Amino acid sequence: MDIKFEKATQLKQKPDQNSLGFGKYFTDHMFLMDYTKGIGWHDARIVPYGPLQIDPATMVLHYAQETFEGLKAYRHKNGKITLFRPEMNARRMIKSNERLCMATLDENIFIEAIEELVKIEQDWVPSLKETSLYIRPFMFATETSVGVHAAKSYQFIIIMTPVGAYYPEGVNPVKIWVEDEYVRAVKGGTGFAKCGGNYAASIAAQEKAQSQGYTQVLWLDGVERKYVEEVGTMNAMFVIDDKVVTAPIDGSVLPGVTRDSIITLLKDWNIEVEERKLSIDELMDAAKTGRLKEAFGTGTAAVISPIGQLYYKGEEVQINDFKTGILTQKLYDTLTGIQWGDVEDKFAWNHEVKL
Ligand code: COI
């Protein structure tokens, strides 16, 4: 791919790696590329990070044809920089875009664009323990029209932000509100797609949970409000007896890259994983009878986040005495160990960026 490069005249001061938080600082440059129906993708460019100028009739502002991805670049002790399974993000974005009738982007172009931007911004990949460079590729409809239809033009952009922990709790247990009023997704809808609209629809419940002192929401299925689906920005896993139970990917749940990696690790350790419907009653009962040993969320931004408490319809249960479980910690250590190059990458998940 031919990528034009316009270098920023003044580079920003890098933030203190001890207080990065999540998504607060942005690197010096961004990648952009345009799509026009009949022409295809064109004008790939890396330019100084800055505001976009868009017409008020730009379709994404009205009908939300927008999809995004999230992945990270990690700095290893030997200076090497790797991406974690970027092909999974590329493929998921194609599926998301197909659902929203948007243009799709070839997997190799998606990865090459990220590699080129990371190469230019390599000094922004932090080195402190538990930090990384979060990469946010996204695409949206740019056609100017107020008629509802699949747009004829799109823009694909990649921005990057050095990050620490997603939740202020870090890798400590979070309190979760089981939502029985609002729903996130139904089969046939867009639950499996990573589109901004899903997150917009989730904010009311998140606000409600946070106003009650909970960090995130656990969603139930949108039809019966009976089966556990996912947590706000993560897939959810429950260690019941000696098995790990998680919702199946069947239309309303996001197919998480971290979810897939955790399932692969568990199976490699001969721990049984059940991808099945789990009712909230079964889950609460397991918690009350001591069969629910651990619970955690998985996601790129949050990595692995232990769940220490669940609130459902006036009842509250604690999990593992509000402490990070042994399996949860082992999964966190192994996954992040692979990502930071300290544990053998036996599944060849790391994708080196040739600097
Ligand atoms: C991620 O985990 O990368 C996500 O996309 C969650 C995000 C909404 C912060």
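In this predicted model, the shell around the ligand comprises five nonpolar, three polar and two charged residues. The nonpolar members are Phe68, Tyr134, Tyr166, Tyr199 and Ala301. Gly70, Thr233 and Thr300 form the polar group. Arg136 and Lys194 are the charged pair.

The chain is divided into two domains, domain 1 (4-163) and domain 2 (174-339). Their contact takes 22 residues from domain 1 and 22 residues from domain 2. The C-alpha centres of the two domains lie 27 Å apart. Both domains contribute to the ligand shell, with at least three residues drawn from each. Phe68, Gly70, Tyr134 and Arg136 of the shell fall within the bounds of domain 1 (4-163). Lys194, Tyr199, Thr233, Thr300 and Ala301 fall within those of domain 2 (174-339). Tyr166 also belongs to the shell.

Polar contacts to ligand oxygen atoms involve both side-chain and backbone atoms of the protein. An N or O atom in the side chain of Lys194 is 2.8 Å from an oxygen atom of the ligand. Ala301 places a backbone N or O atom 2.8 Å from a ligand oxygen. For Thr300, a backbone N or O atom lies 3.3 Å from an oxygen atom of the ligand. On its own, the ligand has 290 Å² of accessible area, and the protein covers 90% of this. The space that the ligand takes is the largest pocket.

Methods: Residues are numbered from 1 along each chain as its sequence is written. This is a predicted model: local features need pLDDT of at least 70, side-chain atom pairs count only at pLDDT 80 or more; totals for chains, interfaces and linings use all residues. Side-chain values use heavy atoms; hydrogens and water are left out. A residue is near a molecule or strand if one of its heavy atoms lies within 4 Å of it. A polar contact is a pair of N or O atoms within 3.5 Å; within protein, one must be able to donate a hydrogen and the other to accept it, and residues adjacent in sequence count only if both atoms are side-chain atoms. Accessible areas come from the Shrake-Rupley method with a 1.4 Å probe; for residues, only the protein chains shown count as cover. On a 1 Å grid over the protein atoms alone, a cavity is a set of points where a 1.4 Å probe fits but cannot get out, and a pocket is an open set with protein on both sides within 12 Å along at least five of seven lines; lining residues have an atom within 4 Å of a point. A molecule sits in a cavity or pocket if more than half of its atoms lie within 2 Å of its grid points. Domain bounds come from an automatic or database domain assignment. Contact means heavy atoms within 4.5 Å.
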